[in-house]
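Thanks for coming. I will walk through one structure today, beginning with one pair of residues and ending at the DNA.

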Protein chains: 2
Amino acid sequence: MAERPRSGGPVRATAAGTRQPSLTDVAGVAGVSHMTVSRVINGTGPVRPETRARVLAAIEELGYRPNSAARALVTGRTGTLGVVALESNLYGPASTLYGIENAAREAGYAITISSVSRPGRSSIADAVENLRRQAVEGIIVIAPHVTAGRALEAAPADFPVVAVGGGEAAPVPVISVDQRDGARRATEHLLALGHRTVWHVAGPEDWLEARDRELGWRETLERHGVDVPQVIRGDWSSRSGYEAGRSLAKEGRLDAVFAGNDQMALGLLRAFAEAGVSVPRDVRVAGFDDVPEAAYFTPPLTTVRQDFIEVGRRTFGLLTQRMDGGDRHARALVVPELIVRESTGPR
Amino acid sequence: MAERPRSGGPVRATAAGTRQPSLTDVAGVAGVSHMTVSRVINGTGPVRPETRARVLAAIEELGYRPNSAARALVTGRTGTLGVVALESNLYGPASTLYGIENAAREAGYAITISSVSRPGRSSIADAVENLRRQAVEGIIVIAPHVTAGRALEAAPADFPVVAVGGGEAAPVPVISVDQRDGARRATEHLLALGHRTVWHVAGPEDWLEARDRELGWRETLERHGVDVPQVIRGDWSSRSGYEAGRSLAKEGRLDAVFAGNDQMALGLLRAFAEAGVSVPRDVRVAGFDDVPEAAYFTPPLTTVRQDFIEVGRRTFGLLTQRMDGGDRHARALVVPELIVRESTGPR
DNA sequence: GCTCCGAATGTTAACGCTAACAAAAATGAT
DNA sequence: ATCATTTTTGTTAGCGTTAACATTCGGAGC
């Protein structure tokens, strides 16, 4: 075949106002048909090595970049997954997000996030709808919240959605850390130190994680036949832990305290320090999450570590399974680990 | 026009294997042309109210959802922005991400993130390329790192890229918090309390924020004509702050310490507590960031607060400006605020 | 030399949407 | 009523890609 003359020298790569080069442009420069270029790019079908080289040179010369919209239109695949995340800096959700992004990127998927400032049935449904409009191939809902779990009940059956920590009942695959088990470990650890009982500063009632941790704590106390004190309700913030600590100190109820997360544990430590109550001498404290700072609290905090990278990986795995037609009722449980530090140390 | 008979009752919305309904399907059900449906959806061109109602009903009935790929193909707009983020739980970058997502969503843009585990020239370039392949309309690089700043030098001139904290020299618009000013405020605050000098535990040398904070600290000391002690190098972690604190306590160099972030300040507090050094009596400590926990450290930490929501908003604003052909050399500076707490309180 | 076959390449037709223009219907002015 | 507008709707083409099928090319086998 006679090589066609190049149509007028190199085009300025992607200068403003110039349209991006297309397959056809590349084909023109390489002197082949656009299909051959497509084959070179996707590795579909056989191409003679010299032809391939010519095509690659043309791609390079023009700075060609495939048009993902056109590709998506014809293949029906966008290579994008959606994540509904709670807009918060809480250590857990943020870490989960990174874990997911990690796993997805390795598998060649892009991640689009749609964050939700206030968890709620409709806001989550909106976020899901929003993502579906962007033609994601599957959606992960980071749903630590009760309402999120409920929102998932309305999840479309014909579209792959999975949840992280989204409650037992949700009709979608769910990945969670075994919060109850973590709480059990912390509580048993405290009981084993000889305490009469263990107080609990719980997270907000409408968080599933808070419920499960409270449940694990309660069960453990009951199983050991000790008194179950009134739960103290916090909101995950250090402030709420601080207030809980103040009232505990004031009433002189000083056994052991299991806080629903590390931030609240920090507040407890602060309140006890102010009240002249020594940790671990007068009261022992444990938290949940193992934030990176926990080892440097005063005193260093005993806490329950969750492996969020693992959670992300499992989540992505379950989503791809579901996308391939897997079961809607799959479950994955990640087991947490107790990290013992000075806040529950010897007296 | 005679209304065409509906083509066989409601289609199962999006049952597996059934293709999604298209504009033409909706048009068939509503008895209009596909263009009329398009006009209803996009609000372009006039449509009689009754026609509109009929179309909306058909959309509802079929569960129609516009195909974003087809739309992007013809309009050349994807409605998506890319964010290159450092894969880390550091409070600042994570908060910035949420700030950006917020602003973008309000303006109707979706956000695709591409995270980078290790900042580096090539990894950032890869992430940018990765996002461009997904046809984002603009890219935000959260680039607190020196190498990130350098990677930006190679940013394409014909494509809108902006950076958050990306260094002065970058040939892209940059939004940053005035780190030098924040460091100056903290340092002056400490000097005003009568200290002979102020030590500084800096972040990693290859972080721009660490450099700027160090610079602000140094300048302030020099301006006040006091001795500039050897800077102590940390890595943002509480551990590194702890080690810095131990060596300071051991050498008995106890004036005031300005830590490059709150985590390191926490490590300092921990080390001082262990060494029996009282804060603020024996030494005063200030941090940077105002993480939510800072108010509950022992003692509560004086620190410099950055408004990340504002940073996100400004970043998005600068990106849209740039997308409309704005200047490559635009700059935006967000001013931080000193929060005084007990760690620099009266003795 | 001719046929046949696989390898390599080309041609055509969608994918679902919007832009641009064309036509029809409704409205108003005369 | 009649024509000029204006409003409303319809028709056609094309965005850049891949799927499906068609064609050409180079030998191998006879």
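**The sheet, the two chains and the DNA**

A:Val201 stands opposite A:Ile232 in β7(A). Before going on, this is a predicted model, in which local features need pLDDT of at least 70, side-chain atom pairs count only at pLDDT 80 or more, and totals for chains, interfaces and linings use all residues. Residues are numbered from 1 along each chain as its sequence is written, while chains are lettered from A and ligands numbered from 1 in the order in which they are written.

Back to that pair. Strand β6 (residues 198-202) of chain A and β7(A) run parallel and are joined by 2 bridges; strands count as paired here if DSSP finds at least two bridges between them. Helices (H or I, at least four residues) and strands (E, at least two) are DSSP runs, numbered from the N terminus. The wider setting is an open sheet of 4 strands in chain A, with parallel pairing and the order β7-β6-β8-β9. β7 (232-233) and β9 (284-286) of chain A are at the edges with a single partner strand each, so one side of each has no neighbour in the sheet.

Which helices pack on this sheet? Helix α9 (residues 208-223) of chain A does, touching β6 and β8 (256-259) of chain A, and its direction makes about 170° with that of β6(A). α11(A) packs there as well, touching β6, β8 and β9 of chain A, with its direction at about 145° to that of β8(A). For these angles, axes are lines fitted to C-alpha atoms, for helices over the stretch in contact, and angles run from 0 to 180 degrees between N-to-C directions. Contact between two residues means that their C-beta atoms, placed from the backbone, lie within 7 Å.

Now the two chains. Chain A superposes on chain B by a rotation of 180° with 0.1 Å of shift along its axis, at RMSD 0.2 Å. The two copies are thus related as by a two-fold rotation axis. The fit is by least squares on the C-alpha atoms of residues with pLDDT of at least 70 in both.

How many residues of chain A are in contact with chain B? There are 44, and they meet 44 residues of chain B. On the chain A side, α11(A) gives the most, with 6 residues. That side divides into 22 nonpolar, 14 polar and 8 charged residues. Ala, Val, Leu, Ile, Met, Phe, Trp, Tyr, Cys and Pro count as nonpolar, Asp, Glu, Lys and Arg as charged, and the others, Gly among them, as polar. The copies meet through the same surface, because 100% of the interface residues of chain A are also interface residues in chain B. Between the chains, β2(A) pairs with strand β2 (residues 110-116) of chain B in the antiparallel sense over 3 bridges, and A:Thr112 stands opposite B:Thr112.

Last, the DNA. DNA strand D is surrounded by 29 residues, the closest being A:Leu23, A:Ser38, A:Asn67, A:Ala70 and B:Pro46. Near means that the C-beta atom, placed from the backbone, lies within 6 Å. By class, the surface near DNA strand D has 14 nonpolar, 12 polar and 3 charged residues. DNA strand C has 27 residues around it, and the closest are A:Ser33, A:Pro46, B:Leu23, B:Ser38 and B:Ala70. The surface near DNA strand C has 13 nonpolar, 11 polar and 3 charged residues.
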